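Work through the exercises below with the sequence and the model side by side. Try each task before reading its solution.

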Amino acid sequence: MVIVVLAMFLPEKNVALFLTLGVAIAIVLGGTQALSRSFFSLLIPRGREGEYFALYNACERGTSWFGTFLFGLVFQLSGSYRPAIVALVVFFVLGAFFLLRLDPKRGIREAGNALPSVV
């Protein structure tokens, strides 16, 4: 969320800061994707990985347009990219809301998997 908010205050025509922000976003997105898949795999019962990852991919593909839609809508209403970028914070807040309601230890136990030492 910090990176998205920083993008709101990025000075115009500052290519170096723009590229630095782009690299920071790429690092965070790559790590987030890898962590989400590995965490999700802990919640899957043995032998049912195909079913669960098929659902994961369907949900990921089926909802990938939400961010683009919200960004476009806010841009059309405001005429500026800056509020459109910050509007994406909504998805971070929703994700945090749902993750905070999750009991990972219980989910891993109910899936029949061993608890990793870091959970």
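**Exercise 1. A helix and its end**

How many residues does helix α4 have, and what distance does helix α4 reach from its first C-alpha to its last? Then look at the residue that follows.

Solution. Note that this is a predicted model.
- Step 1: Helix α4 runs over residues 65-78 and has 14 residues.
- Step 2: From first to last C-alpha, helix α4 reaches 20 Å. At 1.5 Å a residue, the expected value is also close to 20 Å.
- Step 3: Move on to G79, which follows α4. The phi of G79 is positive, near 75°.

**Exercise 2. The overall fold**

Describe the protein by its elements, its dimensions and its contacts.

Solution.
- Step 1: Count the elements. The protein has 7 helices and 0 strands. Read from the N terminus, the order is α-α-α-α-α-α-α.
- Step 2: Check the dimensions. The C-alpha trace spans about 55 × 30 × 25 Å along its principal axes.
- Step 3: Set the radius of gyration against the globule rule. A compact globule of 119 residues would come out near 14 Å, but this protein has 18 Å.
- Step 4: Turn to burial. Of the 119 residues, 13% count as buried.
- Step 5: Look at the surface. The accessible area is about 8,800 Å², and 72% of that area belongs to carbon and sulfur atoms.
- Step 6: Take the contacts between residues at least 6 apart in sequence. Of these, 47% join residues at least 24 apart.
- Step 7: Locate the charges. There are 10 positive and 6 negative charges, and their mean positions are 4 Å apart.

**Exercise 3. Two loop residues**

Is K13 buried or exposed? Is its phi positive or negative? Then treat L102 in a like manner.

Solution.
- Step 1: Place K13. It sits in the loop between α1 (2-8) and α2 (15-42).
- Step 2: K13 counts as exposed because its relative accessibility is 82%, and the cut-off for exposed is over 50%.
- Step 3: Most residues other than glycine have a negative phi. K13 is not a glycine, yet its phi is positive, about 60°.
- Step 4: Place L102. This residue is in the loop between α6 (89-100) and α7 (104-110).
- Step 5: L102 has 33% relative accessibility, so it counts as partly exposed.
- Step 6: Find its partners. Beyond its neighbours within four places in sequence, L102 is in contact with F39 and L43.

**Exercise 4. Three alanines**

Which class, buried, partly exposed or exposed, does each of A7, A34 and A84 belong to? Find their surroundings as well.

Solution.
- Step 1: Start with A84 in helix α5, residues 81-87. Its relative accessible area is 0%, so A84 is buried.
- Step 2: List what A84 touches. Leaving out residues up to four places away in sequence, these are F71, V74 and F75.
- Step 3: Compare sequence and space. A84 and L70 are 14 residues apart in sequence, and their C-alpha atoms are 7.5 Å apart.
- Step 4: Go to A7 in helix α1. A7 is buried because its relative accessible area is 11%, and buried means under 20%.
- Step 5: With residues up to four places away set aside, A7 touches L21, R82 and I85.
- Step 6: Return to G79. A7 and G79 are 72 residues apart in sequence and 16 Å apart in space, C-alpha to C-alpha.
- Step 7: Finish with A34 in helix α2. At 49% relative accessibility, A34 counts as partly exposed.
- Step 8: A34 and P45 are 11 residues apart along the chain, and 19 Å separates their C-alpha atoms.

Note on methods:
Residues numbered from 1 in each chain as written. Predicted model: local features only at pLDDT ≥ 70, side-chain atom pairs only at ≥ 80, totals over all residues. Heavy atoms only, no water. Helix = DSSP H or I, 4+ residues; strand = E, 2+ residues; numbered from the N terminus. Rg over C-alpha atoms; globule rule 2.2 N^0.38 Å. Buried < 20%, exposed > 50% of the residue type's maximum accessible area, 1.4 Å probe, protein only. Contact = heavy atoms within 4.5 Å. Areas by Shrake-Rupley, 256 points an atom, 1.4 Å probe, with all protein chains shown as cover. Lys, Arg positive; Asp, Glu negative; His and termini not counted. Charge placed at Lys NZ, Arg CZ, Asp CG, Glu CD. Expected span 1.5 Å × (residues − 1).
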